[in-house]
Amino acid sequence: TSEHQYYQKLKQSLVTDPLTGFMNRSGFTDAFGITLDTTRFNHKYAALLLVDIDNLQNVNDSRGVKEGDTLILKVSDVLKQFQKESVQIFRYGDDEFALVISNFDSTDSLINFVDCIFEAFQIKQIGVSGGVSIFPEHSEQQEELIRFADMAVHYAKKNGKNNFVYFELDMQRVFIQHLQLQTKMTTAILESNFKQYYQPQFDIRTSQLRGFEALIRWTDTELGDIAPSVFIPLAEETGLIIAIGRWVLKTAISTLKTWQEKYDFKGIMSVNVSPVQLRQDNFIPELKELITVYQIDPSLLEIEITEGIMIHNMNDTIEKLKDVKNLGLRVSLDDFGTGYSSLSYLQMLPLNTLKIDKSFINNITSSDGIQANITSSIINMVEKMGLETIAEGVEHPEQLDLLNKFNCNVVQGFLCGKPMPFALCDAYLSGDKGAMLKNSKEL
Ligand code: C2E
Ligand code: CA
Ligand code: CA
């Protein structure tokens, strides 16, 4: 009857993605379940392939949604070539497609087929990241297969994108570890279990204290000390960095205020700010409020950003940094030399300071070595741009001598002072000059 046809059509439209014509996510679960039942019954192999478009968000942001749709359609065209009864395709999310591939006699033939799909994207020069889970090799459970394919996509993205990754059991172990760390981190935020250490920076020429860099520390009762290089990236991935970063800024500003009041401290407090944090809409208002509440001199507060900040939205980043500067703060570029630094980018950023990464400083053993030459040229160039240079990770007196010769302005490293807890820095500022070196061995 026409009524029946009408409802069929309506049902169809509810499960169809209007842009690509593929079934949408609500059609996926049933179809995948049925395929797995059939595959089990026929003793065959099946796979779930999740294909995630790299940088769709970027295209949407910079070139508009229309261009974004064009990219989605290009991806969908590539996938359509592979569509047949045993290859069902779904628009799984905004930038994600799911392929249910079945009726294969072996894992090898399945893998060959999936590799062909990736090659088709390579030929068209479309960047996609894929994750694959295989039935029954990885699991026989639908939910688990979805989770595993998802984990594999995650790895593909982390691996620099534009690749396909097959699930491995080890990924689940790492995933569980991360989950555990994430739970502990959430508790640590709620219970304020983080500490802040401060590493001194010195003017090379005058040996005067230039200021401190605030560095976070976390000791878990069960796991012991957890390095920031382990938990900060995870915090960035999960968004927990927002709460952590808020605590970091507040603590650093409060310490700066204490020292300004107690010792008339005129040094700089430098704080690491993650790109995720900076991207938040309320980053600037919150910063402004902290400065007002603590009544600090903003010119003695510096934020450290990394080159990673430019990967996302360049214009947005530049605007944000200009806002930071308008509040009167200093801006420093951290880990210079490790990322995608290009001179044209550098000139666009409103910077005061550039920190040369310790990997450069490590190898400047003699003034005629290649590393020394590079470092000296960087310092020269930075000076010409009117920026201050800080050398990071200075551990040996010879490095200090060379940096002095190269006209580097400031040094930071174990040689002059390790990161220390508040009490030690406080003692140092109160006049106990030995406080820093006396204890540096244990830190
Ligand atoms: P970073 O910003 O480059 O910080 C400098 C790192 O080098 C610190 O490691 C410091 O302890 C270490 N270091 C200093 N001098 C020397 C030296 O002479 N030799 C060697 N080998 N290392 C030296 P740490 O504290 O483990 O921090 C690692 C990274 O974690 C930091 O690198 C930064 O990217 C991140 N991080 C630390 N604290 C925070 C924070 O409060 N917020 C954010 N967003 N990131 C943070
Ligand atoms: Ca830093
Ligand atoms: Ca650094």
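What spacing do the donors of the calcium ion (ligand 3) follow along the chain? They follow D-D-x56-E. The model is predicted.

## Calcium ion (ligand 3)

The residues behind this spacing are Asp334, Asp335 and Glu392. Asp334 and Asp335 each coordinate the calcium ion (ligand 3) through OD, while Glu392 is listed with OE twice. The distances run from 2.1 to 2.5 Å.

The two aspartates can be set side by side by their accessible area. Asp334 has a relative accessible area of 6%; buried means under 20%, so Asp334 counts as buried. Asp335 has a relative accessible area of 25% and is therefore partly exposed.

## Calcium ion (ligand 2) and the shared aspartate

The calcium ion (ligand 2) is coordinated by Glu213 (OE), Asn272 (OD1), Glu304 (OE) and Asp334 (OD). Here the distances are 2.1 to 2.3 Å. Along the chain, these donors follow the spacing E-x58-N-x31-E-x29-D. Distant parts of the chain are linked in this way: Glu213 lies in strand E7 (residues 209-220) and Asp334 in strand E11, 121 residues apart. Both Glu213 and Asp334 are buried.

Asp334 coordinates both calcium ions, ligand 2 and ligand 3, which are 4.0 Å apart.

## Strand E11 and its partners

Strand E11 covers residues 330-336, and six of its seven residues are buried. Asp334 belongs to this strand.

E11 pairs with strand E10 (residues 301-305) in the parallel sense, over four bridges. One contact in this pairing involves a ligand of the calcium ion (ligand 2): Glu304, which coordinates that ion through OE, has Ser332 in E11 as its bridge partner. E11 is also joined to strand E12 (residues 353-356) by three bridges, and these two strands run parallel. In this pairing, Phe336 has Ile356 in E12 as its bridge partner.

In a regular strand the side chains alternate between the two faces of the sheet.

## Helix H7

Helix H7 spans residues 169-190, which makes 22 residues. From its first C-alpha to its last, H7 reaches 32 Å, close to the 32 Å expected at 1.5 Å a residue.

The buried residues of H7 are Met171, Gln172, Val174, Leu181, Lys184, Met185 and Ala188. An α-helix has 3.6 residues a turn, so residues three or four places apart point the same way. Just after H7, Ser192 takes a positive phi of about 50°.

How values were computed: Residues are numbered from 1 along each chain as its sequence is written. Chains are lettered from A and ligands numbered from 1 in the order in which they are written. This is a predicted model: local features need pLDDT of at least 70, side-chain atom pairs count only at pLDDT 80 or more; totals for chains, interfaces and linings use all residues. Side-chain values use heavy atoms; hydrogens and water are left out. Donors are N, O and S atoms within 2.8 Å of the metal (3.2 Å for Na, K and Ca); water is not among the atoms, so sites may look incomplete. Buried means under 20% relative accessible area, exposed over 50%, partly exposed in between (1.4 Å probe, protein chains only). The expected span of a helix is 1.5 Å times one less than its number of residues. Two strands pair if DSSP finds at least two bridges between them.
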